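Colleague: I'm new to reading structures. Could you walk me through sheets and salt bridges?

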Amino acid sequence: MTHVNVITGFLGSGKTTALLHLLASKPANENWAVLVNEFGEIGIDGALLADRGATLKEIPGGCMCCVNGLPLQVGLNMLLKQTKPDRLLIEPTGLGHPKQLLNMLRAAVYQPWLQVDATLTLLDPRQLADPRIVQNENFQDQLTAADIVIATKSDRWSDEDRQLLADWRQQQLGDRQWGEAAWGEIDPALLSQRGLADRAVPEALHHHAESRPQGLAALKLDGQARWRRALNEGQGYASCGWIFDGDTVFDTIKILEWARLAPVDRVKGVLRTAEGLVTINRQGEDLFIETRPTTPPDSRIELIHHQPVDWNLLQTGLLKIRLK
């Protein structure tokens, strides 16, 4: 029997950071797997979560709940068959709706194999000040689906953020369990709590720019191409991502400045530099970086914004800061 947790939350709520913390706390005698979905096409989270002691499968390019859940079903079945994990953590895109996903996990066909434990929804209270986010159907439905709501990034809250959170809790939390976390440090014991199968979660319509098949692996380079980009648009957001070959090296200072100044809501990247691996995770004005002496097999960076951006202009700046 595989125990399953859905770790959901709106764009930039801290899901990947929380997953890294949870994977670091994995019992040595347990086999874990992670199924991760991103709105963008490039597949950044897979690179961020690689080599963390769990089997990883990516479904880039939108919402894993769409297309009748086929990408999720294929990815899920492959994980169960190949690795037989004791626990499976599923990270849907921050622009996804959890209803179809939870229904699928609780379907009769999976009952002999899966036990659906608590769904954790992460909430950055600073987003409560943005009507565009608060009124987003996905934001609302992710919170409705929660068995446990975790208010993240408590190290960065202002007094105003705390008051907004207190007001929201009083009006919206209901009977759901509550917690707070800084730096993604969620109590691993929460994963073992049972999910409430009878929680009423509304159905939702998805609005994508176009209908297209979804892949089961992150974008790769073809032939002799040194780099390529991929676009996605839907649910009121647009993304642009780039992948560069393993010979491409970026100037560390310049790539960090490019990421800091890019006029977008979200920046995530895993890049080769002269100093080694650099990871970039930016939400709004929050910029987190990590450097390691190892080198990734390629470089990937993804931008997401609530409206279309001049991607060509940003691309020109990105290409100029390559060392080779």
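Modeller: Let's take the sheet and then the salt bridges.
This is a predicted model, where local features need pLDDT of at least 70 and side-chain atom pairs count only at pLDDT 80 or more, while totals for chains, interfaces and linings use all residues. Residues are numbered from 1 along each chain as its sequence is written, and side-chain values use heavy atoms, with hydrogens and water left out.

Colleague: In what order do the strands of the open sheet come?

Modeller: Strands are DSSP runs (E, at least two residues), numbered from the N terminus, and two strands pair if DSSP finds at least two bridges between them. Here the order is β9-β10-β14-β11-β12-β13, with antiparallel pairing. β9 (227-234) and β13 (286-292) are at the edges with a single partner strand each, so one side of each has no neighbour in the sheet.

Colleague: How many bridges join β10 to β14?

Modeller: There are 7. One bridge partner to look for is S299 in β14, which goes with F244.

Colleague: And what is a salt bridge?

Modeller: Side chains of opposite charge can pair when their charged atoms come close. The cut-off is a side-chain nitrogen of Lys or Arg within 4 Å of a carboxyl oxygen of Asp or Glu. The whole structure has 11 of them. In one, R194 meets D117, with the closest N and O atoms 3.9 Å apart. These two sit 77 residues apart in the chain.

Colleague: Is R194 buried or exposed?

Modeller: Buried means under 20% relative accessible area, exposed over 50%, and partly exposed in between (1.4 Å probe, protein chains only). R194 is exposed at 56%, whereas D117 is buried at 1%.

Terms used: Helix = DSSP H or I, 4+ residues; strand = E, 2+ residues; numbered from the N terminus.
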